[in-house]
Amino acid sequence: MPTPGAASLAAISYSLLVVRYRVLITGRVQGVNFRAACRRMALQHGVRGWVRNLPDGSVEASFEGSADDVRQLLDWTRRGPGLAIVADVAVQAEQPEGLDTFLIRY
(Lines give C-alpha, C1' and ligand atoms only; values in the text may rest on other atoms or scores of the structure.)
Protein backbone atom coordinates (compact mmCIF):
# COMPACT_ATOMS: atom_id res chain seq x y z
CA MET A 1 0.00 0.00 0.00
CA PRO A 2 1.52 3.37 -0.99
CA THR A 3 2.24 5.95 1.66
CA PRO A 4 0.37 9.24 1.40
CA GLY A 5 2.34 12.19 0.06
CA ALA A 6 2.98 15.36 2.05
CA ALA A 7 -0.01 17.11 0.44
CA SER A 8 -2.32 14.26 1.45
CA LEU A 9 -1.01 14.29 5.02
CA ALA A 10 -1.47 18.05 5.21
CA ALA A 11 -5.07 17.73 3.99
CA ILE A 12 -5.78 14.98 6.52
CA SER A 13 -4.30 16.90 9.46
CA TYR A 14 -6.11 20.11 8.39
CA SER A 15 -9.47 18.33 8.33
CA LEU A 16 -8.80 16.85 11.79
CA LEU A 17 -7.96 20.24 13.31
CA VAL A 18 -10.60 22.37 11.58
CA VAL A 19 -14.38 22.09 11.80
CA ARG A 20 -17.05 23.87 9.78
CA TYR A 21 -20.71 24.37 10.62
CA ARG A 22 -23.61 25.98 8.76
CA VAL A 23 -25.79 27.78 11.29
CA LEU A 24 -29.35 29.10 11.02
CA ILE A 25 -30.39 31.53 13.77
CA THR A 26 -34.07 32.42 14.20
CA GLY A 27 -35.90 34.89 16.43
CA ARG A 28 -35.49 38.65 16.56
CA VAL A 29 -32.07 38.57 14.92
CA GLN A 30 -32.33 41.21 12.19
CA GLY A 31 -32.16 44.91 12.91
CA VAL A 32 -30.25 44.27 16.15
CA ASN A 33 -26.66 44.47 14.85
CA PHE A 34 -26.37 40.66 14.77
CA ARG A 35 -24.16 40.38 11.67
CA ALA A 36 -21.64 43.04 12.77
CA ALA A 37 -21.45 41.60 16.28
CA CYS A 38 -21.06 38.08 14.86
CA ARG A 39 -18.18 39.23 12.67
CA ARG A 40 -16.45 40.90 15.64
CA MET A 41 -16.83 37.72 17.73
CA ALA A 42 -15.57 35.55 14.86
CA LEU A 43 -12.49 37.71 14.38
CA GLN A 44 -11.87 37.74 18.14
CA HIS A 45 -11.92 33.92 18.19
CA GLY A 46 -10.03 33.38 14.94
CA VAL A 47 -13.05 31.85 13.19
CA ARG A 48 -13.41 32.20 9.43
CA GLY A 49 -16.58 32.14 7.35
CA TRP A 50 -19.50 34.48 6.71
CA VAL A 51 -22.85 35.71 8.02
CA ARG A 52 -25.92 37.05 6.17
CA ASN A 53 -29.56 38.01 6.66
CA LEU A 54 -32.17 35.85 4.97
CA PRO A 55 -35.47 37.16 3.53
CA ASP A 56 -37.52 35.28 6.17
CA GLY A 57 -35.96 37.32 9.02
CA SER A 58 -33.43 34.70 10.10
CA VAL A 59 -29.64 34.90 9.98
CA GLU A 60 -27.46 32.27 8.28
CA ALA A 61 -23.76 31.82 8.96
CA SER A 62 -20.89 29.52 8.20
CA PHE A 63 -18.18 29.10 10.86
CA GLU A 64 -14.84 27.43 10.18
CA GLY A 65 -11.92 27.09 12.56
CA SER A 66 -10.64 25.08 15.50
CA ALA A 67 -13.33 23.08 17.30
CA ASP A 68 -12.92 25.13 20.49
CA ASP A 69 -13.06 28.51 18.74
CA VAL A 70 -16.09 27.51 16.68
CA ARG A 71 -17.83 26.15 19.80
CA GLN A 72 -17.34 29.50 21.54
CA LEU A 73 -18.89 31.32 18.57
CA LEU A 74 -21.79 28.84 18.48
CA ASP A 75 -22.37 29.48 22.19
CA TRP A 76 -22.45 33.22 21.48
CA THR A 77 -25.05 32.79 18.70
CA ARG A 78 -27.46 31.29 21.24
CA ARG A 79 -27.50 34.71 22.95
CA GLY A 80 -26.48 37.13 20.19
CA PRO A 81 -25.95 40.85 20.75
CA GLY A 82 -27.85 42.71 23.47
CA LEU A 83 -31.07 43.49 21.57
CA ALA A 84 -31.41 40.07 19.92
CA ILE A 85 -33.93 37.49 21.05
CA VAL A 86 -32.68 34.15 19.75
CA ALA A 87 -35.44 31.54 19.42
CA ASP A 88 -33.41 28.71 17.88
CA VAL A 89 -29.98 27.86 16.50
CA ALA A 90 -29.84 24.98 14.00
CA VAL A 91 -26.35 23.61 13.34
CA GLN A 92 -25.24 21.38 10.49
CA ALA A 93 -21.69 20.04 10.07
CA GLU A 94 -19.97 20.60 6.72
CA GLN A 95 -16.57 19.85 5.18
CA PRO A 96 -14.00 22.61 5.86
CA GLU A 97 -13.15 24.70 2.80
CA GLY A 98 -9.97 26.41 4.01
CA LEU A 99 -11.48 29.88 4.30
CA ASP A 100 -9.14 32.69 5.32
CA THR A 101 -11.41 35.52 6.52
CA PHE A 102 -14.85 36.29 7.97
CA LEU A 103 -17.27 38.33 5.85
CA ILE A 104 -20.68 39.89 6.14
CA ARG A 105 -22.56 38.85 3.02
CA TYR A 106 -25.32 40.98 1.54
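Here are some short exercises on the structure above, each with a worked solution.

This is a predicted model, in which local features need pLDDT of at least 70, side-chain atom pairs count only at pLDDT 80 or more, and totals for chains, interfaces and linings use all residues. Residues are numbered from 1 along each chain as its sequence is written, and side-chain values use heavy atoms, with hydrogens and water left out.

**Exercise 1. The overall plan**

Find how many helices and strands the protein has, and in what pattern they follow along the sequence.

Solution. Start with the counting rule: helices (H or I, at least four residues) and strands (E, at least two) are DSSP runs, numbered from the N terminus. Under this rule the protein has 3 helices and 5 strands. Next, read along the sequence, and the pattern is α-β-α-β-β-α-β-β.

Now turn to burial. A residue is buried under 20% relative accessible area, exposed over 50%, and partly exposed in between (1.4 Å probe, protein chains only). Of the 106 residues in the protein, 34% are buried.

Finish with contacts, where contact means heavy atoms within 4.5 Å. Among the contacts with a separation of 6 or more, 78% are between residues 24 or more positions apart.

**Exercise 2. The surroundings of Arg20**

Work out whether Arg20 is buried or exposed, and which side chains make polar contacts with the side chain of Arg20.

Solution. First place the residue: Arg20 sits in strand S1, which covers residues 18–28. Its relative accessibility is 3%, so Arg20 counts as buried.

Then look for polar contacts. Such a contact is a pair of N or O atoms within 3.5 Å; within protein, one must be able to donate a hydrogen and the other to accept it, and residues adjacent in sequence count only if both atoms are side-chain atoms. The side chain of Arg20 has a polar contact of 3.0 Å with the side chain of Glu64. A second one, of 3.5 Å, joins Arg20 to the side chain of Glu97. The side chain of Ser62 also makes a polar contact with that of Arg20, at 3.0 Å.

Lastly, leave aside neighbours within four places in sequence: the residues in contact with Arg20 then include Trp50, Phe63, Gln92, Pro96 and Leu99.

**Exercise 3. Three residues of one strand**

Compare Ala61, Ser62 and Ser66: which strand holds them, and is each one buried or partly exposed?

Solution. Begin with the strand. Ser66 lies in S3, residues 59–66; Ser62 is placed in S3, and so is Ala61.

Continue with accessibility. Ala61 counts as buried at 0%, and Ser62 is likewise buried at 0%. Ser66 is partly exposed, with a relative accessible area of 28%.

Now list partners, not counting residues up to four places away in sequence. Ala61 touches Tyr21, Arg22, Val23, Trp50 and Val51. Ser62 is in contact with residues including Arg20, Gly49, Glu94 and Phe102. For Ser66 the partners are Leu17 and Val19.

Two C-alpha distances complete the picture. Ala61 and Trp50, 11 residues apart in sequence, are 5.5 Å apart in space. Ser66 and Gly46, 20 residues apart along the chain, are separated by 8.3 Å.

**Exercise 4. A pair of helices**

Describe how H2 and H3 cross, and what kinds of residues make their contact.

Solution. Take the axes first; they are lines fitted to C-alpha atoms, for helices over the stretch in contact, and angles run from 0 to 180 degrees between N-to-C directions. The axes of H2 (residues 34–45) and H3 (residues 67–77) come within 10 Å and cross at roughly 155 degrees. The two helices are therefore roughly antiparallel (angles under 35 degrees count as roughly parallel, over 145 as roughly antiparallel, 65 to 115 as roughly perpendicular and the rest as oblique).

Next comes the contact itself. On the H2 side, Phe34, Ala37, Cys38, Met41, Ala42 and His45 take part, and on the H3 side Asp69, Gln72, Leu73, Trp76 and Thr77. These residues divide into 7 nonpolar, 3 polar and 1 charged (Ala, Val, Leu, Ile, Met, Phe, Trp, Tyr, Cys and Pro count as nonpolar, Asp, Glu, Lys and Arg as charged, and the others, Gly among them, as polar).
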